[in-house]
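Subject: Structure for you to look at

Hello,

Here is the structure I said I would pass on. Please open it first, then read the notes underneath.

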Amino acid sequence: MNKGEKGWFGGVTVLAVVLFLLLLRSCGDDCEDVASTPNATVTVTAAPSPAGSQVGKSIDRAVERARQAGLSVGIHDASDRDEAPRGDWTVCFEKATLSDVVFAAVPDEAPCPKKDGQRIPWPKMPSVKGTTYSKAVEKLGDAVGEVAIEAAYEDEAAYDTNNEAGDYANWKVCFQSVKAGTALEHEPDVTLHAVENGEACPASKGRYKNPTNDPDYVDPDDGWSEDDSSSEDSGSSDEDYYPGEKGGCPPGGCYNPCPPGGCR
């Protein structure tokens, strides 16, 4: 080490000693306490972390997270119905500041409106008439609850639910219990009335494929009619006939056992 380097190192050493002495003088008695405590640690309480986005979460969970973050919470209906939200509702929108957050929610399984306060865009019931039961089940999907099939004719039997490949998969749908265009709120159950593939649909529900199976069926041709009865009642018999003073034959002619020219 040369002379210049020794001088620089000595200056740095002196400066370090001076700073150390100043530090000891400034801390006073506190320095002794810290020095005498082995492995001393300092605990710092951090500020609450932000709650993060709660969109898509249930109201119960969103409120819990927000309060854990030290935020005050407000909740309202995200649709135009202005109902009181419940804990299982789903958060669609949120507005947060440093001190509070407001959640806008809709009922569980309901779709969110495009904007806060607008109508819930429920899916509409499609028309499945003329399609097969299998395609109807596929088309309705998760928009409805149970999709059941029943025979369209009263004297036929059919029943199945949510089965795209069962015995009735190719039956043709004639009627549907939920009208096309109806808002499918809360996934309603749907019943489809159908006929076997290749058969014609009845004109309306409640019809019988074989009319004679109808308990109220009346045979139009049972060998008796009111016209026949009236003609028999209005006709005259030989016993009731009176020829009058001039004589004559009864209606239908006279009975004459003798040949022309008389009898011998």
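Let me start with the interior. The largest nonpolar core has 19 residues, and V147, W171 and L192 are the ones that touch the most other members. Three elements give two or more residues to this core: α4, β4 (147-151) and β7 (190-195). The most come from α4, which gives 4 residues.

Please keep in mind that this is a predicted model.

Now the overall layout. The protein has 5 helices and 7 strands. Going along the sequence, they come in the pattern α-α-α-β-β-β-α-β-β-β-β-α. The protein is 264 residues in length, and 23% of them count as buried.

Next, the charged pairs. As background, side chains of opposite charge can pair when their charged atoms come close. In this model the count is 4 salt bridges. I describe some of them below.

One salt bridge joins the side chains of R81 and E185, with 3.0 Å from N to O. This pair links distant parts of the chain, with the two positions 104 residues apart: R81 is in the loop between β1 (72-77) and β2 (90-96), and E185 is in the loop between β6 (172-176) and β7. Are these two residues buried, partly exposed or exposed? R81 counts as partly exposed because its relative accessibility is 35%. E185 is also partly exposed, since its relative accessible area is 31%.

Another salt bridge is formed by E156 and K209, whose closest N and O atoms are 3.2 Å apart. Here too the pair links distant parts of the chain: E156 sits in the loop between β4 and β5 (159-161), K209 sits in the loop between β7 and α5, and they are 53 residues apart. E156 has a relative accessible area of 19%, so it is buried. K209 has a relative accessibility of 43%, so it counts as partly exposed.

K209 also meets E199 in a salt bridge, at 2.4 Å from N to O. K209 and E199 are 10 residues apart, and each is placed in the loop between β7 and α5. With a relative accessibility of 16%, E199 counts as buried, because the cut-off for buried is under 20%. Which residues, then, are linked in a network of salt bridges? They are E156, E199 and K209.

P211 is in the loop between β7 and α5 (226-234) as well. P211 has a relative accessible area of 46%, and is therefore partly exposed. Its C-alpha atom is separated by 9.1 Å from that of D155, although the two residues are 56 residues apart along the chain.

Finally, the surface. Which residues form a negative surface patch? The patch is made up of D108, E109, D142 and E187. One of them, E109, lies in the loop between β3 (100-106) and α4 (133-140). E109 counts as exposed because its relative accessibility is 60%, and exposed means over 50%.

If you want a place to begin, find K209 on the screen and look for its two partners, E156 and E199. After that, turn to V147, W171 and L192 in the core, and then to the negative patch with E109.

Regards

Key:
Residues numbered from 1 in each chain as written. Predicted model: local features only at pLDDT ≥ 70, side-chain atom pairs only at ≥ 80, totals over all residues. Heavy atoms only, no water. Patch = residues over 30% accessible without salt bridge, like charges linked within 9 Å, V, L, I, M, F, W, Y side chains within 5 Å. Areas by Shrake-Rupley, 256 points an atom, 1.4 Å probe, with all protein chains shown as cover. Lys, Arg positive; Asp, Glu negative; His and termini not counted. Charge placed at Lys NZ, Arg CZ, Asp CG, Glu CD. Buried < 20%, exposed > 50% of the residue type's maximum accessible area, 1.4 Å probe, protein only. Core = buried A, V, L, I, M, F, W, Y, C linked by side-chain atoms within 4.5 Å.
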